[in-house]
Amino acid sequence: MRFRKIAAFAMAATMMLSTAVSTQAAAVGANEDPANTEKTDETITIALASEPTTLAPSLSGTAANEAQIVSSTLMDTLVRQDKVTNEITPGLATAWEWVDDTHCKFTLRDDAKCYNGDTLTAEDVAWCINDVWVALNATNDTGMFVAGAVADDEHTVTIEFNLASPALLGMLSWTNFHVFSQADVEAAGGMEQATKTPFIGTGRYRFVEWKTTEYIKVERNEDYWDPDYAGYFKEIVFKFIGEPASREANVESGDVDVAADMPVIQASAFAESDAVKTVLYNYGQNGHLWYNMTEGHPTADINVRKAIDLALDFDNIAIVGTAGTAQAATGYIDFGSYYHNDTYTPEERAVDIDKAKELLAEAGYEDGLTLNTTYLAETETVHAVIKECLRQIGIDLVLNPTDVPTFVQTANSGDYDIMIIGEWMTDRIPSAFPFIRWDNIHGFHMGGPQTTTDELDGLVHQFIEEKDDETALGILQQIEQIMKDDCMVSNLYPEVKGAILNPDLKGFTTLERGYVCPYNFYK
Amino acid sequence: MGRYIVKRLLLLIPILLGVSAIIFALKTVTPGDPARQILGNDATEEQVQAKRDELGLNDPVIVQYFRYIAGVCHGDFGESYRTGEPVLEELVPRLATSAKITLGAVAIGAILGVLLGVISALKKYTWVDSLVLVVSMFFQSVPEFVVGLVLIMIFAVNLHWLPASGIETWKGYILPMLTIGVSSIANYTRITRSSMLEVLGEDYIRTARAKGQTESKIVMRHAMRNTMIPVAQSIGTHLGNALGGGMVLETVFSVPGVGKYIVDAITARNYPSVLGGALMIAIILVVINLIVDISFVVIDPRLKTTIIAGGAKKPKKAKAA
């Protein structure tokens with residue numbers, strides 16, 4: 001009875017939120033908007049969910065949502081990547097050429113000005129790569145795949161990578177691969193001080209002020225090198241408003257123009273409001289339910305994992321998880337990616353309680369069992385549905401809602417039976433499949449799903465390094481088939497992010513991983 | 001009196017030891033590694049352990065605790081894991097912000113509460129009395145968080161009179177003050193009403209009436225002073241509660257006060273900031289209570305004997321002068 005109630009609620013939610021689907025479609029359209037073409041003296045205020053800990057992530061050896069958003073206004077990357085087509089376009093580099101599998105030569109533009117007015121040179125780029133990316137970021141993406149750089153002449157720099165992969169160029173467009181000069185960093189007071197007062201970079205905007213706990217202010221760079229970019233707003237002010245309801249109210253009141261990082265359920269509630277514009281957008285990350293396959297956990301038994309997979313009502317989970325904006329995942333990779341495979345047929349996604357109970361009995365759990373999961377509060381409703389699904393087959397799922405630090409610690413320690421963690425992959429990335437490779441070099445060092453095989457690990461590396469996209473797609477199919485056969489993970493749904501905007505605002509675009517892009521807005 | 005103040009200030013020591021010990025104990029059982037928080041998810045286990053060594057987190061808790069206490073004794077509340085700045089330096093401006101909001105909120109609550117309490121007492125058992133009690137109880141029973149959001153919807157979203165968050169201008173202080181203030185009106189109203197009813201039944205009030213004094217003069221000149229003694233006591237308590245309990249509201253209104261500072265620090269497992277903020281609030285609470293006790297003596301010097309002889313014990317009411 002309780003399950004039927006949840007299902008009914010989910011269906012009702014689908015109907016109520018059908019408008020949100022059209023909002024998502026609008027969002028995709030908005031992503032294709034050209035950047036603004038005129039300058040004004042207006043200010044745009046963007047409310048972030050929390051205050052960044054640094055304004056120059058690579059100098060701090062870290063990357064966090066808010067820091068990426070703010071620093072994207074101040075600094076540039078060597079190349080850019082179209083978020084829809086994945087096409088690589090010029091940034092600070094006007095051209096690039098692979099010398100061999102691991103060396104790429106970049107020709108720099110000669111009109112990009114550093115904060116101090118000097119032209120950005122190959123020496124500057126080489127210093128940034130060697131002394132910042134590599135030296136300070138050895139354990140994250142920024143430095144993990146780069147061996148170093150050499151300035152060939154004033155405008156040419158060659159970067160050496162420590163693996164061969166066509167995905168490396170796209171990676172250089174991410175905000176943590178910003179480039180800035182040593183002279184700027186020293187003038188700003190050194191590396192540590194530059195993370196707080198980043199008077200550095202060649203970006204669209206210039207740092208003005210960071211008033212801790214209140215706001216960060218940046219001002220349009222009138223000497224920006226890109227003639228195609230105007231910078232509609234003279235100033236961008238970032239405020240920190242932790243409470244989502246308060247962020248939304250600030251947009252409605254006109255105190256703020258953009259409320260970033262809104263939980264999808266809350267954002268979708270405003271889909272029909274005339275007072276604000278709601279944007280719900282898919283950013284290329286599928287949510288996956290990982291099974292802890294470590295010895296001693298019931299989920300180490302494949303029959304338990306398969307039983308859970310058969311008990312999960314993927315359609316309703318997707319409805320609740322995406323506020324009705326997306327269908328259940330049919331593969332590991334997001335629908336929008338070139339690398340998406342339909343690993344599961346609709347029939348394979350159907351709920352089969354009887355079969356699930358049989359499998360549990362085979363595993364020796366005919367009287368049921370208790371499992372635990374830890375999750376962030378924003379996925380509370382998804383976990384409520386999963387708990388109800390598992391109750392149908394006699395599994396009591398203990399729910400442990402928590403905050404980010406505890407979530408990370410639980411993931412690292414492997415102190416869970418099942419856990420939802422998403423993976424972002426719109427294009428091939430060097431750090432793909434972190435949980436099923438031996439080196440596990442990126443993201444959560446999961447205690448459980450890190451169980452893998454030489455075969456899987458080898459396939460992951462082949463997938464990353466393969467030059468031909470179609471061949472890579474074939475390799476990916478093999479990886480997904482192995483994961484499916486072993487039921488290592490249940491693919492749930494494409495994760496959706498939300499933002500609330502001033503209704504007059506246009507030009508909503510995103511950075512990598514769905515971070516709101518702060519500099520393309522206009523009216 | 002001097003000895004009494006010193007005695008009360010000495011009580012700070014066990015209170016602060018207790019508060020810090022409790023927070024240290026919570027720190028040991030709270031999941032989430034501060035070193036991992038600082039270094040990010042990409043850091044290796046070796047890097048995390050090195051950071052834990054650097055922060056002294058691998059030492060026994062008792063060693064960490066006494067090291068911290070020794071620092072506090074020298075005015076060193078530690079450095080924020082997040083910014084690397086001394087916690088005390090970060091706390092001072094935030095305390096000033098929180099203090100402004102707290103004082104404003106208490107003033108709003110006390111003024112409106114006393115006014116309504118007096119009206120309620122003078123119109124006892126009438127519909128006015130009932131209405132005042134119902135309205136004030138309503139504001140007390142609705143969570144401050146909800147009151148805050150409703151006030152934002154009314155004054156910021158619909159009327160556009162006040163900002164929905166931040167304190168860039170004086171207008172930004174109004175909604176947080178109002179939210180905390182209206183939630184305490186019921187308390188002041190109830191105390192004022194009962195106290196006023198009691199005082200109005202006293203012989204000296206009857207005498208004043210018999211002398212032909214006007215009702216307004218009786219209330220303002222004779223009844224009000226004695227009515228205010230329990231109200232003053234309540235103000236002291238409310239000051240402490242408002243300061244310590246402003247965490248959620250400071251988050252809702254995005255006010256850079258000590259409450260938001262502690263909430264953000266908890267989320268980031270920034271324990272020096274959590275400890276510093278909590279200890280600072282504890283110190284302020286003790287000092288406020290001391291000031292309130294001393295204020296009783298100022299209001300009615302005859303209470304000097306009672307309070308000082310009986311420690312913190314206070315009488316329910318005082319006889320009229």
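In which sense do strand 4 and strand 5 of chain A pair, and over how many bridges? Keep that in mind as you look around this predicted model.

**Stop 1: the sheet in chain A**

Select residues 103–108 of chain A, which are strand 5, and add strand 4. The two pair in the antiparallel sense, over five bridges. For one of the rungs, pick A:Trp96 and look across to strand 5 of chain A, where A:Phe106 is its bridge partner.

Now widen the selection to take in the whole open sheet: four strands of chain A, in the order 4-5-7-6, with antiparallel pairing. Strand 4 (93–98) and strand 6 (146–153) of chain A are at the edges; each has a single partner strand, so one side of each has no neighbour in the sheet. From one strand to the next, the twist averages 20°.

**Stop 2: the helix across the sheet**

Next, show residues 122–136 of chain A, helix 5. This helix lies across strand 5, strand 6 and strand 7 (156–161) of chain A, and runs at about 165° to strand 6 of chain A.

**Stop 3: where the chains meet**

Bring both chains into view. The contact takes 29 residues from chain A and 29 residues from chain B. On the chain A side, the elements that give two or more residues are strand 10 (235–240), helix 10 (244–253) and helix 16 (404–413). Helix 10 of chain A gives the most, with six residues. Colour the chain A side by class and you should find eight nonpolar, 15 polar and six charged residues.

**Stop 4: a helix pair in chain B**

Move to chain B and select helix 10 (residues 203–210) and helix 11 (residues 215–244). Their axes are 11 Å apart and the packing angle is about 150°, which makes helix 10 of chain B roughly antiparallel to helix 11 of chain B. The crossing of these two chain B helices is right-handed.

Show side chains here: B:Tyr204, B:Ile205, B:Ala208 and B:Arg209 from helix 10 of chain B meet B:Ile218, B:His222 and B:Ala223 from helix 11 of chain B. By class, this contact has five nonpolar, one polar and one charged residues.

**Stop 5: an enclosed helix**

Finish with residues 258–267 of chain B, helix 13. Seven of its 10 residues are buried, so this helix is largely enclosed by the rest of the structure. The buried residues are B:Val258, B:Gly259, B:Lys260, B:Tyr261, B:Ile262, B:Asp264 and B:Ala265. Just after helix 13 of chain B, click on B:Arg269, which takes a positive phi of about 55°.

Definitions and conventions. Residues numbered from 1 in each chain as written. Chains lettered and ligands numbered in written order. Predicted model: local features only at pLDDT ≥ 70, side-chain atom pairs only at ≥ 80, totals over all residues. Pairing = 2+ DSSP bridges. Axes fitted to C-alpha atoms, helices over the stretch in contact; angles between N-to-C directions. Contact = placed C-beta atoms within 7 Å. Parallel < 35°, antiparallel > 145°, perpendicular 65-115°, else oblique. Left-handed = near helix turned anticlockwise from the far one by under 90°. Nonpolar A, V, L, I, M, F, W, Y, C, P; charged D, E, K, R; others polar. Buried ≥ 20, exposed ≤ 12 C-beta atoms within 10 Å, placed from the backbone.
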